[in-house]
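Here is a short briefing to read alongside the structure below. Have a look around first, and then we can go through it topic by topic.

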Amino acid sequence: MADLLFNQLVATQIKCKDCEERRVNVRVCIELQSVSSPVHKKDLIVRLTDDTDPFFLFNLVISEEEFQSLKCQQSLLVDFSAFPQRFIDLLQQCIQEQSKEVPRFLLQLVSSASVLDHTPAFLNVVETNPFKHLTHLSLKLLPGSDTDIKKYLAICLRGIKEEKLLLERKLKKTEDDLGRQLSYTQQTLSEKSRELDRLRSEWTTQAATLTNKHSEELTREKEKALQTHSQWQQQNEQQRKELESLHHKSIQQLQNRLTELELANKELTERRYKADSTIRELKAKLSGIDDECQRAKQEVQSLRRENSTLDAECHEKEKHTNQLQTRVAVLEQEIKDKDQLVIRTKEVLDATQEQKMVLETNAEKKQVHIGKLEATVKSLSTELLKANEIIKKLQGEMKTLVGKLKLKNTVTVQQEKLLTEKEQQIQYEQKVLQDTRQSLQLKEDEVIKLQEVVEATTQKLEESKQLLKTNENVITWLNRQLNENQCAKKQEALVTMANPPAYPNSGTFRTSLSPNYVPENRQYITNSGPNYPASSAVPFKNSFPQAFSTNIASQHSAYAHAQGSGPKVQLNMPFPRPNAFSPEIQTGFSAATTRTTNKENEPFGLELKYIKKRDDSIPLRGLSQNTIHSEQQKSMAVAQTSSKSGPPPAPSAYFPGKQ
């Protein structure tokens with residue numbers, strides 16, 4: 001089993017003999033292979049490859065035994081279990097530093113030959129410091145043989161094939177999903193198209209009902225618009241006043257908070273400066289105390305040295321006194337022996353008196369010398385006692401100084417803690433200040449946006465007022481035109497009933513005029529908005545001279561009125577009706593004309609939301625014209641059936657006006 005620990009591209013500096021240095025992105029792969037066939041052991045495999053060059057392959061297999069020799073050679077402080085992670089950490093540092101011009105950590109591949117083909121190379125992890133290049137690790141890599149390269153290429157090919165199979169499966173899945181989605185979208189599209197046709201048919205049926213209801217809705221909407229206008233004005237004024245009061249209050253609160261924070265900031269800065277001064281004083285005192293402590297330590301060391309010398313001298317003097325005491329004891333024993341000899345040898349007393357006197361004098365001298373030595377020993381013991389007392393006093397002073405130092409250290413630590421807490425408080429207050437400033441800016445932006453919304457609403461209200469005024473003007477003008485047209489129709493009916501005109505034969509008239517005939521004397525009044533016809537037909541000039549002249553005058557006056565003020569509307573005058581028709585034809589024709597005039601003039605009363613043209617809507621003009629055309633065809637059929645018994649119909653019944 002092989003566990004992949006590291007597999008990344010690392011910029012390595014390649015050095016060869018008699019070649020220039022170059023930097024190449026080399027893929028470093030580190031694997032930990034565990035083998036348990038004869039003996040359970042672990043091997044670390046390091047592999048260097050180049051994605052652009054498939055024949056670039058260097059391998060290194062490090063076992064636990066080989067690692068011990070490597071550890072001894074390069075004086076490593078890491079075990080075999082921790083070595084891979086340390087090596088990966090060094091490589092990560094090389095990756096982090098490779099984007100810099102002068103990287104601190106660098107990976108080098110050094111070869112003694114001129115080309116990196118069949119010679120072993122050394123992989124060095126080098127750290128550059130201001131003094132020298134420090135090599136952390138150096139590994140000897142062997143170039144891959146033909147079998148190794150073939151195995152590596154086979155592994156790469158197998159991975160690419162697996163990736164290809166995965167991509168093909170994903171592609172098949174995506175194709176299936178897309179096919180399903182396409183079929184689903186096609187079904188939905190067909191359903192939507194059916195729904196669209198159904199909605200269009202419904203819309204055509206509803207359009208007729210809507211045109212009948214628009215007049216009532218217009219009056220209601222006017223009242224609603226006036227009410228909503230007044231309500232909006234009141235609400236906007238109230239909201240504006242409330243927002244201004246809230247804004248002033250928030251500004252005052254924030255200003256008060258800002259002044260409080262500034263005062264607190266000043267107090268904290270003063271405290272900080274005082275703490276800094278106290279810290280400096282304490283540091284100076286601490287340095288003086290340290291100097292005193294060092295001096296005391298030096299004095300203690302010197303006193304200890306003197307004490308040791310005195311101890312040595314005392315020891316020597318004690319030895320000397322012991323020798324003298326032994327000698328005195330020997331002498332006393334000799335004296336005793338001699339006394340015994342004197343007692344025994346009284347006879348020889350005279351001979352030995354001279355010797356006795358000499359011995360007494362010597363003994364006296366020795367006793368004097370012993371007294372002197374005892375006096376010196378007593379003085380030395382007193383001096384030693386004094387030195388011990390001085391050492392005890394110095395030790396007590398040292399203990400007191402150490403306690404004082406500990407107290408000072410605790411005080412300094414507490415002061416440092418207080419300083420850090422104060423700095424944290426200052427940072428928190430600064431953050432609060434920044435947050436308040438940001439909230440202030442947000443509030444100001446909101447106020448500006450609300451002012452813009454208020455201005456936009458006022459502009460919309462003014463535009464709605466203007467639109468209402470223009471709609472009212474259009475409605476009044478259209479009502480006036482309708483009244484004038486009705487009066488003119490009544491007069492023309494009376495004139496035709498009194499003087500029936502002479503008509504040519506009906507068959508010849510039908511053949512001379514085509515059904516798509518458009519009179520030349522129709523006058524158009526261009527409109528800036530959508531064009532809606534006011535009436536359906538224009539009289540013929542040659543057939544009806546009187547009605548034509550009156551209608552031309554009325555049209556000129558209407559055109560002048562439209563050009564002067566109010567909206568521009570396309571105006572088409574109706575044909576005059578002769579009185580020679582039968583009552584059935586007259587009633588059918590009048591009903592058709594009234595329907596057409598009503599249907600063509602009704603869209604002017606709609607609101608702008610009904611009149612505005614849309615891309616997905618059917619124009620009202622075409623609808624009205626289609627309905628007019630169908631109704632006029634019905635009237636023509638009635639006229640043809642009635643022509644067998646009565647006089648021929650008027651040309652206006654056969655040829656409806658087109659736009």
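In which sense do strand β1 and strand β5 pair, and over how many bridges? Strand β1, residues 2-15, pairs with strand β5, residues 105-111, in the parallel sense, over 4 bridges. Please keep in mind that this is a predicted model. In it, 7 strands close into a barrel with mixed pairing.

**The barrel**

- Going around the barrel, the strands come in the order β1-β2-β3-β4-β7-β6-β5.
- From one strand to the next, the twist averages 35 degrees.
- Where β1 meets β5, isoleucine 14 stands opposite leucine 109 of β5.

**Helices on the sheet**

- Helix α1, made of residues 64-74, packs on the sheet and touches β3 (41-49), β4 (57-63) and β7 (133-143).
- The direction of α1 makes about 95 degrees with that of β4.
- Helix α2, residues 83-97, also packs on the sheet, where it touches β1, β2 (22-35), β3, β4, β5, β6 (121-128) and β7.
- Between the direction of α2 and that of β1 the angle is about 45 degrees.
- A quick length check on α2 works out: at 1.5 Å a residue, its 15 residues should span 21 Å, and its end C-alpha atoms are 21 Å apart, so the two values agree.
- Buried residues in α2 are Phe83, Pro84, Phe87, Ile88, Leu90, Leu91, Cys94, Ile95 and Glu97.

**Around β6**

- Strand β6 is mostly covered, with 6 of its 8 residues buried.
- On one side, β5 and β6 run antiparallel and are joined by 7 bridges; here glutamine 108 stands opposite asparagine 124 in β6.
- β6 and β7 run antiparallel as well, joined by 8 bridges, and phenylalanine 122 has lysine 140 in β7 as its bridge partner.
- The connection from β6 to β7 is a hairpin through 4 residues.

**Cysteines**

- How many disulfides does the count come to? The count comes to 0 disulfides, taking a disulfide as a pair of cysteine sulfur atoms within 2.5 Å.
- As a reminder, a disulfide is a covalent bond between the sulfur atoms of two cysteines.
- Why is there no bond at cysteine 29? The closest cysteine sulfur, in cysteine 156, lies 10.0 Å from the sulfur of cysteine 29, which is too far for a bond.
- Is cysteine 29 buried or exposed? Cysteine 29 has a relative accessible area of 9%, so it counts as buried.
- Cysteine 293 is likewise buried, with a relative accessible area of 12%.

Key. Residues numbered from 1 in each chain as written. Predicted model: local features only at pLDDT ≥ 70, side-chain atom pairs only at ≥ 80, totals over all residues. Heavy atoms only, no water. Pairing = 2+ DSSP bridges. Helix = DSSP H or I, 4+ residues; strand = E, 2+ residues; numbered from the N terminus. Axes fitted to C-alpha atoms, helices over the stretch in contact; angles between N-to-C directions. Contact = heavy atoms within 4.5 Å. Expected span 1.5 Å × (residues − 1). Buried < 20%, exposed > 50% of the residue type's maximum accessible area, 1.4 Å probe, protein only.
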